[in-house]
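This report walks through one protein model, beginning with a single helix and what surrounds it, and then moving outwards to the whole chain and its surface. Please keep the sequence and the structure in view while reading.

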Amino acid sequence: LRRPWCLLELAVAVKSNVNIIPVAVQRPGMKFDFPNEDFFKRLRQGRTLDANDRHILVREGITLDDVEKAVRKVFLQIALPFSPHRTANIRQLELRNILSRCTVSPPCSGLREVTTSAIRRSL
């Protein structure tokens, strides 16, 4: 949660109502610190990202408030575990659980119309 491009993608996805499923990779020696109130306080104060990182967000029309809302929304869900070092049976069960929460939305009609007209023009 310190890379501006990741935060940008997260904020844009949340604004676009994309279903995001948090996954906690379970691996020895690797621990993810879930965001707490101190993280959000530092984010609001501009202490989590440097000026260049904040500029990336601003240039794309994303504010620190957008980032905070997105991160909070994503982590309201319980992160599902994935253990790449475990047996194939466990990995398959974990992946099945993750995929069961995935949803696919049909493409928006505007995109379909643009794509269809572009194909017709190329014929």
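## Helix α4 and its cover

In this predicted model, the elements that cover the buried residues of helix α4 include α1, α2 and α3. The residues of α4 that are buried are Asp66, Val67, Glu68, Ala70, Val71 and Val74, a list that holds the charged residues Asp66 and Glu68 beside nonpolar ones such as Val67 and Val71.

A general property of helices helps in reading such a list: an α-helix has 3.6 residues a turn, so residues three or four places apart point the same way.

## The chain as a whole

The protein chain contains six helices and two strands, and, when it is read along the sequence, these elements follow the pattern α-β-α-α-α-β-α-α. Of the 123 residues in the chain, 28% are buried.

How much of the contact in the chain, counted at a separation of 6 or more, joins residues 24 or more positions apart? Such pairs account for 75% of those contacts. The accessible surface of the chain comes to about 9000 Å², and carbon and sulfur atoms contribute 56% of that area.

## The nonpolar core

The largest nonpolar core is made of 17 residues, and within this core the residues with the most contacts are Leu10, Ile20, Leu57, Ile62, Val67 and Val71. Helices α1 (4–15), α2 (37–44) and α4 (64–74) each give at least two residues to this core, with the largest share, six residues, coming from α1.

Leu10 shows what these contacts look like for one residue, since residues up to four places away in sequence are left out of the count and Leu10 still touches Ile20, Ala70, Val71 and Val74. Three of these partners, Ala70, Val71 and Val74, also appear among the buried residues of α4.

## Helix α1 and the residue after it

The buried residues of α1 are Pro4, Leu7, Leu8, Leu10, Ala11, Ala13 and Val14, and they pack against α3 (51–59) and α4. The length of this helix can be checked by simple reasoning: at 1.5 Å a residue, its twelve residues should span 16 Å, and because the end C-alpha atoms of α1 are 16 Å apart, the expectation and the model agree.

After α1 comes Asn17, which is placed in the loop between α1 and β1. Most residues other than glycine have a negative phi. Asn17, although it is not a glycine, has a positive phi of about 60°. Is Asn17 buried or exposed? Its relative accessible area is 64%, and because a residue counts as exposed at over 50%, Asn17 is exposed.

## Salt bridges

A search of the whole structure finds eight salt bridges. One of them joins Arg72 and Glu37, whose closest N and O atoms are 2.9 Å apart; Arg72 lies in helix α4 and Glu37 in helix α2, so this pair ties together parts that are 35 residues apart in sequence. Arg72 is partly exposed, at 29% relative accessibility, and the two residues belong to a network of salt bridges that links Glu37, Arg44, Glu68 and Arg72.

In another salt bridge, the side chains of Asp33 and Lys31 meet with an N to O distance of 2.8 Å, and both Asp33 and Lys31 are exposed. The side chains of Arg59 and Glu60 also form a salt bridge, at 3.8 Å from N to O; here Arg59 is partly exposed at 48% relative accessibility, and Glu60 is partly exposed as well, at 42%.

## A surface patch and a buried serine

On the surface, Val23, Val25 and Met30 form a nonpolar patch, which together has about 220 Å² of accessible area. Val23 belongs to strand β1 (residues 23–25), and with a relative accessible area of 38% it is partly exposed.

Ser83 sits in the loop between β2 (80–82) and α5 (88–100). Why does Ser83 count as buried? Its relative accessibility is 3%, and because buried means under 20%, Ser83 falls in that class. Leaving out residues up to four places away in sequence, Ser83 touches Gln26, Arg91 and Glu94.

Note on methods:
Residues numbered from 1 in each chain as written. Predicted model: local features only at pLDDT ≥ 70, side-chain atom pairs only at ≥ 80, totals over all residues. Heavy atoms only, no water. Patch = residues over 30% accessible without salt bridge, like charges linked within 9 Å, V, L, I, M, F, W, Y side chains within 5 Å. Areas by Shrake-Rupley, 256 points an atom, 1.4 Å probe, with all protein chains shown as cover. Salt bridge = Lys/Arg side-chain N within 4 Å of Asp/Glu carboxyl O. Helix = DSSP H or I, 4+ residues; strand = E, 2+ residues; numbered from the N terminus. Buried < 20%, exposed > 50% of the residue type's maximum accessible area, 1.4 Å probe, protein only. Core = buried A, V, L, I, M, F, W, Y, C linked by side-chain atoms within 4.5 Å. Contact = heavy atoms within 4.5 Å. Expected span 1.5 Å × (residues − 1).
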